[in-house]
Amino acid sequence: MIWNLNPKARAFRFVGHKDVITAVHFSPSDDLVASASRDKTVRLWTPNIKGDSTVFKAHTATVRSVNFSSDGQRLVTASDDKSLKVWSVHRQKFIYSLNQHTNWVRCARFSPDGRLIASCGDDKTVRLWDTSTHLCINTFTDYGGPATFVDFNASGTCIASSGADNTLKIWDIRTNKLIQHYQVHSAAINCFSFHPSGNYLISGSSDSMVKILDLVEGRLIYTLHGHKGPVLAVAFSRAGDLFASVGADSQVLMWKTNFDALSYKDLLSRHSKRVTPDPPPHLMDIYPRSPHLHSTKSRTVEINPVVTNIQSADPHVVEAGETDFSLTAGSGREGRVPDYRDRPSTSAASAFTYTHTQQEEHEECEEEEGLGAGVTYLLEEHSGLPPAFRSTLGHIVQQLDVLTQTVAVLEERLTLTEDKLKECLDNQALILQQALHTDEPHEERGAEGPAV
């Protein structure tokens, strides 16, 4: 699903993967979206009404992670086949593999300059790779369980990694030293995100909480309660003014960032009655060292928001999808007929929460090689009908899709026209106001008249 933050705008639903989707990522220019799936494929989507997609096939097991380089030219994927694979986005081809993990690879991320790749996995290691030599240049092994997530800070000088042992660690890759060690969650940390300033970090855990850390002060400053189950993913917006959290409760919560502008020390003093027994993290230069659990009370702020959740029986969801192309490592493209499935759903959207409560009917249809891979669900359902009727029915569906696209384009143009008209009226009012201010001094001078 791709959501527009304007409550009146429509969301897009893209259908193509044949199994659970495990990760999504926007390209830096926002003109592509990459998705990874348990169906062993990666797809590149065009985020518009057409919903064109290209399929990348090279992994032999579930793909867990997908990430664009900062220039948008390359894509790195991590898989349960114990490998990382790097792809060319422009040429849409597989480039090379990185193979030294000894168990499932959970996550892989490019450094901001694109010269390094960090990865982590169930072999309890975090590895650092050189993209020019394709060699593993460092391995961090100080973990008591699988490493679940890894990412670079904005400057690329540090990497943070989280584990199933409830810990989050930050390493200085210039000195290979563990510089910060947090244990603020009571369950596995599934995801985290650096603030663009590099001064803050948010983390999501299976304990259903989102934590906000001040990396400069070296302490936990906020605990956010909003999800009713494990928090699966968190992410800051590129400007850092918003962040989102996704939970197993089928909710996407949008949060407004204010802790980078307000003095949280003042807030702590005003919320002294709402403190929690969570221990603050020990943040000294430690290597290696287990977390130090302080006995003093934590001075963190507990936030329990009332989340707006407006259910809609008729959601503004556009089914996007056209012809997609399959790209296999070492092979050419394979065409496929678009899938025009009628999927019933209910969803809720507001400025604060996006809830997707779709009951999908997964009736897995085995594809017969003799019939080809391009048979749509609609044609499979009516396979007993005469060929002429099926052809007519398929043509009608295509025409309806074209009509939907046309209506969407007209809506977009109408919105643009309204915006332009409003801008013209505002400019006209401003010009009139300036003209009135200019005429007033002339009238005053004319009323005085020449002295006799």
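## Surface patches, salt bridges and free cysteines

I396, L400, L403 and V407 together make a nonpolar surface patch of about 350 Å². Please keep in mind that this is a predicted model. Beyond that patch, the structure offers a patch of negative charge on the surface, 6 salt bridges and 0 disulfides. Here is a tour by topic.

**Patches on the surface**

- One member of the nonpolar patch, I396, belongs to helix α3. Its relative accessible area is 44%, so I396 ranks as partly exposed.
- The patch of negative charge brings together E418, D419, E423 and D426.
- Of these residues, D419 is located in helix α3, which covers residues 387-448. D419 has 46% relative accessibility and therefore counts as partly exposed.
- Helix α3 thus holds I396 from the nonpolar patch as well as D419 from the negative one.

**Salt bridge R64 to D80**

- Among the 6 salt bridges is the one between R64 and D80, whose closest N and O atoms are 2.9 Å apart.
- This pair links distant parts of the chain, 16 residues apart: R64 sits in strand β6 (residues 63-68), while D80 sits in the loop between β7 (74-79) and β8 (84-88).
- Are the two partners buried or exposed? R64 is partly exposed, because its relative accessibility is 24%, whereas D80 is buried, because its relative accessibility is 9%.

**Salt bridge R106 to D122**

- R106 and D122 also join their side chains in a salt bridge, with 2.7 Å from N to O.
- R106 is part of strand β10 (residues 105-110) and D122 is part of the loop between β11 (116-121) and β12 (126-130), so this salt bridge ties together parts that are 16 residues apart in sequence.
- With a relative accessible area of 28%, R106 is partly exposed; D122, at 16%, is buried.

**Salt bridge D113 to R115, and D71**

- A further salt bridge is formed by the side chains of D113 and R115, at 2.9 Å from N to O.
- D113 is partly exposed, since its relative accessible area is 46%. R115 reaches 58% relative accessibility and so counts as exposed.
- Which loop holds D71? D71 is placed in the loop between β6 and β7, and its relative accessible area of 47% makes it partly exposed.
- D71 and D113 are 42 residues apart along the chain, and their C-alpha atoms are separated by 8.5 Å.

**Cysteines without a disulfide**

- How many disulfides does the structure hold? The count is 0.
- C120 takes part in no disulfide, and the nearest cysteine sulfur, belonging to C107, is 5.0 Å away. A disulfide needs two cysteine sulfur atoms within 2.5 Å, so the distance explains why C120 is left unpaired.
- C120 is buried, as its relative accessible area is 0%.
- C191 is in no disulfide either, and here too the nearest cysteine sulfur is that of C107, 7.6 Å away. With 7% relative accessibility, C191 counts as buried.

Technical notes
Residues are numbered from 1 along each chain as its sequence is written. This is a predicted model: local features need pLDDT of at least 70, side-chain atom pairs count only at pLDDT 80 or more; totals for chains, interfaces and linings use all residues. Side-chain values use heavy atoms; hydrogens and water are left out. Buried means under 20% relative accessible area, exposed over 50%, partly exposed in between (1.4 Å probe, protein chains only). Patches are made of residues with over 30% relative accessible area and no salt bridge: like charges are joined within 9 Å, nonpolar side chains (Val, Leu, Ile, Met, Phe, Trp, Tyr) within 5 Å. Accessible areas come from the Shrake-Rupley method with a 1.4 Å probe; for residues, only the protein chains shown count as cover. A salt bridge is a side-chain nitrogen of Lys or Arg within 4 Å of a carboxyl oxygen of Asp or Glu. Lys and Arg count as positive and Asp and Glu as negative; His and the chain ends are not counted. The place of a charge is taken as NZ of Lys, CZ of Arg, CG of Asp or CD of Glu. Helices (H or I, at least four residues) and strands (E, at least two) are DSSP runs, numbered from the N terminus.
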